[in-house]
Amino acid sequence: MTVSYLMTINLLSGAFLLTAVLVLLRRELTAVVRVVVVQGVLLAGIATAIGIHRRSVEMCLVALGVLVLKAVVVPLVLRRAVRDGGDPREARPLVNVPASMVAATLLVLVAFLASAPLVALTGTPAGRAVP
């Protein structure tokens, strides 16, 4: 296991989590769709890194499928929905940004705590990136 593999998995996982926070900060729907594209690329990057590290053609094909679906198909559908919906901004936020950030932080902490037993079962860096 190389240091570059560990750094790649950790960097991509952290960036993926950051994009989830960016969705909370953005109110314009077209910007949210762009963040979804970035999330798709990052998720495909995680799967690609695992596939390359394990020399798994199947995992690389999964990465390609994730890239096509999450970074191309889903954003196209979302862009069409935004275009047909008229107003590109969120109509009225149900929760303000600070409350959203607190809720997101609490949910991330719950995810880490709930997934701790699963992470303990695996010794791989990919397994530690589960939460």
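Helices here are DSSP runs of H or I at least four residues long, numbered from the N terminus. Everything shown comes from a predicted model.

**Figure 1. The whole chain is an all-in-a-row run of helices, α-α-α-α-α.** There are 5 helices and 0 strands to find your way around. Put a box around the C-alpha atoms along the principal axes and you get roughly 50 × 30 × 20 Å. Of the 131 residues, 24% count as buried. The accessible surface comes to about 8600 Å², and carbon and sulfur atoms account for 73% of that. As for contacts between residues at least 6 apart in sequence, 68% of them link residues at least 24 apart.

**Figure 2. R55 sits in the loop between α2 and α3.** What is the sign of phi at R55, which is not a glycine? Phi is positive there, at about 55°. For background, most residues other than glycine have a negative phi. Is R55 buried or exposed? With a relative accessible area of 76%, R55 is past the 50% cut-off and so counts as exposed.

**Figure 3. Helices α2 and α3 pack against each other on either side of that loop.** Helix α2 covers residues 29–54, and its axis lies 7 Å from that of α3. The angle between the two is about 175°, which makes the pair roughly antiparallel. Sorted by class, the residues in this contact come out as 20 nonpolar, 5 polar and 2 charged.

**Figure 4. Helices α1 and α2 meet in a left-handed crossing.** Their axes come within 9 Å and cross at roughly 160°. That angle is over 145°, the cut-off for the label, so α1 and α2 are roughly antiparallel. On the α1 side, the residues making the contact include Y5, I9, L12, F16 and V23. Across from them on α2, look for V35, L42, I46, I50 and H53, among others. The tally for this contact is 16 nonpolar and 6 polar residues, with no charged ones.

**Figure 5. A closer look at Q39, a residue of helix α2.** Is this glutamine buried or exposed? Q39 has a relative accessible area of 10%, under the 20% cut-off, so it is buried. Which residues does Q39 touch, leaving aside neighbours within four places in sequence? They are F16, T19, A20 and K70. F16, T19 and A20 also belong to the α1 side of the contact in Figure 4.

**Figure 6. Helices α1 and α4 pass each other in a right-handed crossing.** Here α1 is residues 3–25 and α4 is residues 97–121. The axes come within 9 Å and cross at roughly 155°, so this pair is roughly antiparallel too. From α1, the contact takes in L17, V21, L24 and L25. From α4, the partners are V97, S100, M101, A104 and V108. By class that gives 8 nonpolar residues, 1 polar and no charged ones.

**Figure 7. V82 in helix α3, with L24 for reference.** V82 belongs to α3, which spans residues 57–85. At 14% relative accessibility, V82 falls under the 20% cut-off and therefore counts as buried. L24, one of the α1 residues in the contact of Figure 6, is 58 residues away from V82 in sequence. In space, the two are 17 Å apart, C-alpha to C-alpha.

Methods: Residues numbered from 1 in each chain as written. Predicted model: local features only at pLDDT ≥ 70, side-chain atom pairs only at ≥ 80, totals over all residues. Heavy atoms only, no water. Axes fitted to C-alpha atoms, helices over the stretch in contact; angles between N-to-C directions. Parallel < 35°, antiparallel > 145°, perpendicular 65-115°, else oblique. Left-handed = near helix turned anticlockwise from the far one by under 90°. Contact = heavy atoms within 4.5 Å. Nonpolar A, V, L, I, M, F, W, Y, C, P; charged D, E, K, R; others polar. Buried < 20%, exposed > 50% of the residue type's maximum accessible area, 1.4 Å probe, protein only. Areas by Shrake-Rupley, 256 points an atom, 1.4 Å probe, with all protein chains shown as cover.
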